[in-house]
Amino acid sequence: MDMCKCFRIASAGRLGGYQRGGGARRDVDEFGRERRSRPHNRKPYERPSRGRGGRGGHGGNQGSGSMVDESNDLESRLSSLIIKVGDKNAPTLQNNLEALSVVLEKDFSKHEITVLRTFRQCVLELPWKAPVYSTLAGLLNAKNSDTGAKVITLMHEVLRMSLAAGQWGSVKVLMRFFALQVETKTISAATLLAMIDAFLQPAAGKMTAQGSCFVFIAMSTLLWAGRALRENAPDELETRLLAVEQFVQVYTEANAGNTLTTVLHDAPPKGVNILENLLATMRAVADSGWKIDAICAPHAMFASELAQATQHELPALEMPVDLPAGSYYTPPEFLQLVPHPPEHAVRRFVMQDLIADTITQLEGNRKDCAKYLMQVHGLCAEDVCSVMTTAQNPEDIDPETSLVYEYMVAEVLLGFLMQLPEGRYREMYYTSLAIELRKAEPQIMAMVLETAVENVVARIASMDVECVNRLSNWLAVYISNFGFQWDWAKWEGAVDEQEDAPRRRFVQETLLKLVRLSYLDRIKALLPETCLSLIPAKAPTHNFKFTLQAMDERTREVSVAMGKCLKNKGTADQALEILESHYSQWADVDAEARQTLAREMLTEHVLLLGSKTFSHMLNAIEKFMPALQKFGETAAAKLQIAQVVEDFWRKNTQFMAITIDKLINYRVIDPATVVAMLFDASHVGAWNQFHLWEILRNTVNKVNMRVEQLQARLAAAQAAASAMVADDAAADPAQSGESVEHVELLLEQMKQEQRDVVVLTAGHFVRLLSSGDGCASELDRAWLQGRFKEFMRTYRQQVVDNEAALESQVFTGEASADTRQVFDSTRMLAA
């Protein structure tokens, strides 16, 4: 196969048979035949004979156009057939695969690109149908080894490109496809073992993110290849099994005290690392003769035909060597959020693994993902799992006595949402996917998701603090898409718990987010009377300090003058003149105190001017930015401005976060100011407040983003400078863009700011957690400790980059043992 053509097909887009997200496909049967527009006795690709010049021999141009249309229609039907085959474990699956392989082999030479492109996308985006597509590839190879070689060569090229790009979800799916190719005799056991060794050899002895990623993929491949390898290379199989067992044992021991990636800290059934769970599953499957009965194995239907096939050799895989540590896939915890019968552990793992791959591979289209998630069980035998959406009496299905497919979907979805150290995708993807699932099955999925959430909330006291935060965000957006309806009466008991109890805090924060997404009175109307104390009595508003009743006479004069100036569209200079003229007359107050009072007065009135909407706030800050910057020249002055903002918006934390973010943008305050404000002694006893950590996260992310932007600018400047050197005769220095030296200076300054923020934040955490007066209670300390873990694992790369500064300035002999352990675990996680 031409390598250029192979590359084009390997890097092609989404499924070619239909437009993603463009609605339902045409009404076709299992074999792709249109039910209404075609007679039943017509073969799938039978065409009426046509004479020269088109239909009826009339008109040469018309005939030419008809031939093009016919070719396009045929390609569309071929794609549809490939996509639809094996949607269900129907009795006709064997006949359909045989017929499809005959059709594809016959038309392959005419429509090679269409067939290969569609085949590629089906393998990648319909991962639960891997046994079907591996069998189809085997049949094509058995009928024509050249066709089989082209299919296998293409998929190997896709695998190579996925490895180079660090697309580990695609790599895992493709390695499963190649594992099943040993069963179809398309590749030899030795070829697959060489591919597995390409993952195992670099991981040997490396307890790193790269090592766990490679071993996880190798183990997933061995799970599906075990039966074929036992028959063809039993000794080699045992060697690989021993290697992964040793890795998992050492990995588990090395991470025994590392709780940074632990979602649930309670007694069993708590989460366990998926490597351990996968190893236990492999042992159970090995004991049963490597038989996986959760999904049908159609290759067994064609054993005699496949036995005569030609086996193909494949080039050795090359592992990526230049990917950053954070780009490797970290296997998540295996969470049991819904009870399942233990005797079905293997089936449960296989089904949930296929569900997880579907969610991963279809991340680009939530609607397609939700649609296909409802089809994954289609290749299962009837006794593998219960499906509530197709059952006559779904209310009689008990998840404790049988595997329930919908509960497995909910468990995987919430497991992805709470994956640590970070989720693979944005939280909004999992929220929108849950919404689409409920829209597809309104009654069943509403009940399933509500039950799953209730089971999680029942264990929320043992959950990682960041996961509590994520679940609250997820639930608020989910509820807001269905009329804000929820059975709040089940959580009425949270009202009687103490203020910083995890369940009460979770319910309260979720309600506050719902107020943001709607308005206070609507949420009040939906809550039971007993829950009203969890939300404010009045709508979120500002807390302007200089009301007429709260001021003495001379302060009132300054405030009234400032109010008139701003209301009449006065300028920043005019505001400064008013403050100077009034406060200069206060002879009984020293100069520094007058500056403090003037700074507070200006900040309060600017915030009041912009308090109506976000746009008003932005305009007010922009207009009076020179005055604010003049009053914020020192660190103490910046801190006062930040504290005034916090007090002004303490009844509206959303406006607080946005205002602080804008002040950082305009350099009125800096990130170090925000850190100092958040860890002020006034917040002791309030570490359970979610908005504090939202502000911290936004601040650190902004600093990191600026560093990345400057790194991109530096790369562009260096490229421009290199181009000038290569063509110095025609170069115009005036058009060369930024100088490399200038951007390097800016980048160094920003990296210093990043270093200061990381060290300062970690220092405050350690100081508060190591002292006796940093927390008001044990619960308060637990909240702070949880946020410390969140900060360290989220910014682990920045922590490792500044390891020396943290060792010398923060994690000294005065640091408590548990904070030191978090630091050590962070370095291990970042390795």
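**Buried loop residues and helix packing**

Good morning, colleagues. Phe484 is buried, with a relative accessible area of 6%. I should state at once that the structure before you is a predicted model. Phe484 sits in the loop between helix H18, residues 465-480, and helix H19, residues 502-517. Its backbone deserves attention, for Phe484 has a positive phi of about 60° although it is not a glycine. As background, most residues other than glycine have a negative phi, and most peptide bonds are trans.

Trp290 also departs from that pattern: it is not a glycine, yet its phi is positive, at about 60°. The loop that holds Trp290 runs between helix H11, residues 274-287, and helix H12, residues 303-306. Is Trp290 buried or exposed? Trp290 is buried, because its relative accessible area of 6% falls under the 20% cut-off.

On the matter of peptide bonds, please turn to Leu420 and Pro421. A cis peptide bond joins Leu420 and Pro421, with omega at about 10°. Pro421 belongs to the loop between helix H15, residues 405-417, and helix H16, residues 427-440.

One further loop residue is Cys380, located between helix H14, residues 366-373, and H15. Cys380 is buried, with a relative accessible area of 9%. Which residues does Cys380 touch, leaving aside its neighbours within four places in sequence? Cys380 is in contact with Asn89, Ala294, Ile295 and Met351. Of this list, Met351 is 29 residues from Cys380 in sequence, and their C-alpha atoms are 9.2 Å apart in space.

I turn now to the helices, beginning with H10, which covers residues 234-254. At 1.5 Å a residue, its 21 residues should span 30 Å, and the end C-alpha atoms are indeed 30 Å apart, so expectation and model agree. The buried residues of H10 are Leu237, Arg240, Leu241, Val244, Phe247, Val248 and Tyr251. Viewed down the helix axis, these buried residues fall within an arc of 130°, and therefore they line one face of H10. On the other side of H10, the exposed residues are Asp235, Glu238 and Glu253.

Next, the packing of helices against one another. Helix H9, residues 209-232, packs with H11 at an angle of about 20°, and the two axes are 10 Å apart. That angle makes H9 roughly parallel to H11, because it is under the 35 degrees that sets the limit. Which residues form the contact? From H9 come Ser212, Phe216, Met219, Ser220, Leu222 and Leu223, and from H11 come Ile274, Leu275, Leu278, Leu279, Thr281, Met282 and Val285. The crossing of H9 past H11 is left-handed.

H18, the helix before the loop of Phe484, meets helix H31, residues 778-794, with the axes coming within 8 Å and crossing at roughly 85°. H18 and H31 are therefore roughly perpendicular to each other. On the H18 side, Val465, Glu466 and Asn469 make the contact. They meet Ala782, Trp783, Gly786, Arg787, Glu790, Arg793 and Thr794 of H31.

I conclude with Ser825, which lies in helix H34, residues 817-829. Ser825 is buried, with a relative accessible area of 8%. Leaving aside neighbours within four places in sequence, Ser825 is in contact with Gly257, Asn258 and Leu260. Thank you for your attention.

Key
Residues are numbered from 1 along each chain as its sequence is written. This is a predicted model: local features need pLDDT of at least 70, side-chain atom pairs count only at pLDDT 80 or more; totals for chains, interfaces and linings use all residues. Side-chain values use heavy atoms; hydrogens and water are left out. Helices (H or I, at least four residues) and strands (E, at least two) are DSSP runs, numbered from the N terminus. The expected span of a helix is 1.5 Å times one less than its number of residues. Buried means under 20% relative accessible area, exposed over 50%, partly exposed in between (1.4 Å probe, protein chains only). The arc is that of the directions from the helix axis to the C-beta atoms. Axes are lines fitted to C-alpha atoms, for helices over the stretch in contact, and angles run from 0 to 180 degrees between N-to-C directions. Angles under 35 degrees count as roughly parallel, over 145 as roughly antiparallel, 65 to 115 as roughly perpendicular and the rest as oblique. A crossing is left-handed if the near helix is turned anticlockwise from the far one by less than a right angle, and right-handed if clockwise. Contact means heavy atoms within 4.5 Å.
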